[in-house]
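Biologist: I have a structure to read and would like to go through it feature by feature. Could you give me the general idea each time, and then the case in hand?

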Amino acid sequence: MNRDYLMFDIRRTLRNRRVLIFSILMPLVLFMIFGLTLPDDANEGGISAIAYVMVSMAMFGSMSAAMSSGGVIAAERDGGWNRTLRLTPLKPQAYVTTKVILSLLLAIPPLLVVFLFGLIVGHVHLDAGQWVTVALVSWLGALPFAAIGLVIGYVAKPDSVQPITGLATMLIAAFGGLWLPVDSMPSLMKHIAQLTPAYWTGLSSRSALTESGLDMQALLVVLGWTVVLGFIGLRRYRADTARA
């Protein structure tokens, strides 16, 4: 990884404030609609319902922010940036790693804002260990979505990457159980949900709220999604660079 290139990427991405605003405001609005209207004693699967919704909406915000890196990649392709990078010592692995780290950094603000809103306004009660664990697992849960953004950036055309990313985000969140608990879904939808990374990231994050602790199977599945999608993204980068 090249630190100078990473810092350049961060400064350039932060100029596009629309991405951060959307990834923060959208989950906040949904949390107010679906979370703050719940009775205080409501629960979902043994977890406080408002805490359940808080984590789900925080994950939705972080995945939206992480996947937005696809737009940056598509713009670089369109501007011939890959041809320029071929003249530098920057290796493909370093480029992909930089984009993944950038996506993880973008995922932090939505998580922080939604969790703080849940604590202050929603009165979500968790002990210090639970807050730290939920925040950390939710943040790392953005990894497969960072990889999805990478793949979209190298598959979609620059003028279509934003609609594709937006549609993919909505579909993954809806079918993955971030907007509606999977237990409330019809049988077919439950099976579809388990084929999405959002289901497993949500499951691993919310498992930190239970007495039994983290769901290690869910964490391993999230890791598997990250490895597979990251490999696809790296292959697409190499293929695109070879054509440049």
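Biologist: To begin with the whole chain, what percentage of the 244 residues is buried?

Modeller: Please keep in mind throughout that this is a predicted model. Buried residues make up 49% of the 244 residues in the chain. The accessible surface comes to about 12,000 Å², and 67% of that surface belongs to carbon and sulfur atoms.

Biologist: How many helices and strands does the chain have, and in which pattern do they follow one another along the sequence?

Modeller: The secondary structure comes to 12 helices and 2 strands, and read along the sequence the pattern is α-α-β-β-α-α-α-α-α-α-α-α-α-α. To see how such elements are brought together, one can look at contacts between residues that are far apart in sequence. Here, of the contacts with a separation of 6 or more, 77% are between residues 24 or more positions apart.

Biologist: How should I read the interior, and which residues of the largest nonpolar core touch the most other members?

Modeller: In soluble globular proteins, nonpolar side chains tend to be buried together. In this model the largest nonpolar core has 53 residues, and those that touch the most other members are Met54, Met63, Met67, Phe115 and Phe145. Several helices each supply at least two residues of this core, among them α2 (17-34), α3 (49-67), α6 (92-120) and α12 (216-243). The largest share, 13 residues, comes from α3. Apart from this core lies another one, of 7 residues, which includes Met185, Tyr199, Trp200 and Val222.

Biologist: If I take Met54 as an example, which residues is it in contact with beyond its neighbours within four places in sequence?

Modeller: Once those neighbours are set aside, Met54 is in contact with Phe31, Val114, Phe115, Gly118, Val124, Leu126 and Trp131.

Biologist: Is a polar residue such as Gln130 buried or exposed?

Modeller: The cut-off for buried is under 20% relative accessible area, and Gln130 counts as buried because its relative accessibility is 19%. Gln130 is found in helix α7 (residues 128-140) and, not counting residues up to four places away in sequence, touches Ala208 and Leu209.

Biologist: What about nonpolar residues at the surface: which ones form a patch there?

Modeller: The nonpolar patch is formed by Val29, Met32, Ile33, Phe34, Leu36, Leu112, Leu116, Leu119, Ile120 and Val121, with about 860 Å² of accessible area together. Helices α2 and α6 each supply at least two of its residues. Val29, found in helix α2, is partly exposed, with a relative accessible area of 39%. Phe34 also lies in helix α2 and is partly exposed, at 38%. From C-alpha to C-alpha, Phe34 and Ala49 are 9.7 Å apart in space, while they are 15 residues apart in sequence.

Biologist: How many aromatic pairs are there, and how do I read the geometry of the rings of Phe31 and Phe117?

Modeller: The count comes to 4 aromatic pairs. For such a pair one reads the distance between the ring centres together with the angle between the planes, and planes over 60 degrees apart count as edge-to-face. The ring centres of Phe31 and Phe117 are 5.8 Å apart and their planes are at 75°, so this pair is edge-to-face. Because Phe31 lies in helix α2 and Phe117 in helix α6, the pair ties together parts that are 86 residues apart in sequence. Both of these residues are buried.

Modeller: The rings of Phe60 and Trp179 are likewise edge-to-face, because their centres are 5.4 Å apart and their planes are at 75°. This pair links distant parts of the chain, with Phe60 in helix α3 and Trp179 in the loop between α9 and α10 (187-193), 119 residues apart. Phe60 counts as buried at 0% relative accessibility, whereas Trp179, at 30%, counts as partly exposed.

Biologist: Finally, what is the phi of His123, and where is His123 placed?

Modeller: Most residues other than glycine have a negative phi. His123 has a positive phi of about 55° although it is not a glycine. His123 is placed in the loop between α6 and α7 and is exposed, with a relative accessible area of 52%. His125 has its place in the loop between α6 and α7 as well, and is exposed at 73%. His125 and Ser48 are 77 residues apart in sequence, but 9.0 Å apart in space from C-alpha to C-alpha.

Conventions
Residues numbered from 1 in each chain as written. Predicted model: local features only at pLDDT ≥ 70, side-chain atom pairs only at ≥ 80, totals over all residues. Heavy atoms only, no water. Helix = DSSP H or I, 4+ residues; strand = E, 2+ residues; numbered from the N terminus. Buried < 20%, exposed > 50% of the residue type's maximum accessible area, 1.4 Å probe, protein only. Contact = heavy atoms within 4.5 Å. Core = buried A, V, L, I, M, F, W, Y, C linked by side-chain atoms within 4.5 Å. Areas by Shrake-Rupley, 256 points an atom, 1.4 Å probe, with all protein chains shown as cover. Patch = residues over 30% accessible without salt bridge, like charges linked within 9 Å, V, L, I, M, F, W, Y side chains within 5 Å. Salt bridge = Lys/Arg side-chain N within 4 Å of Asp/Glu carboxyl O. Phe/Tyr/Trp six-rings, centres within 6.5 Å; stacked < 30°, edge-to-face > 60°.
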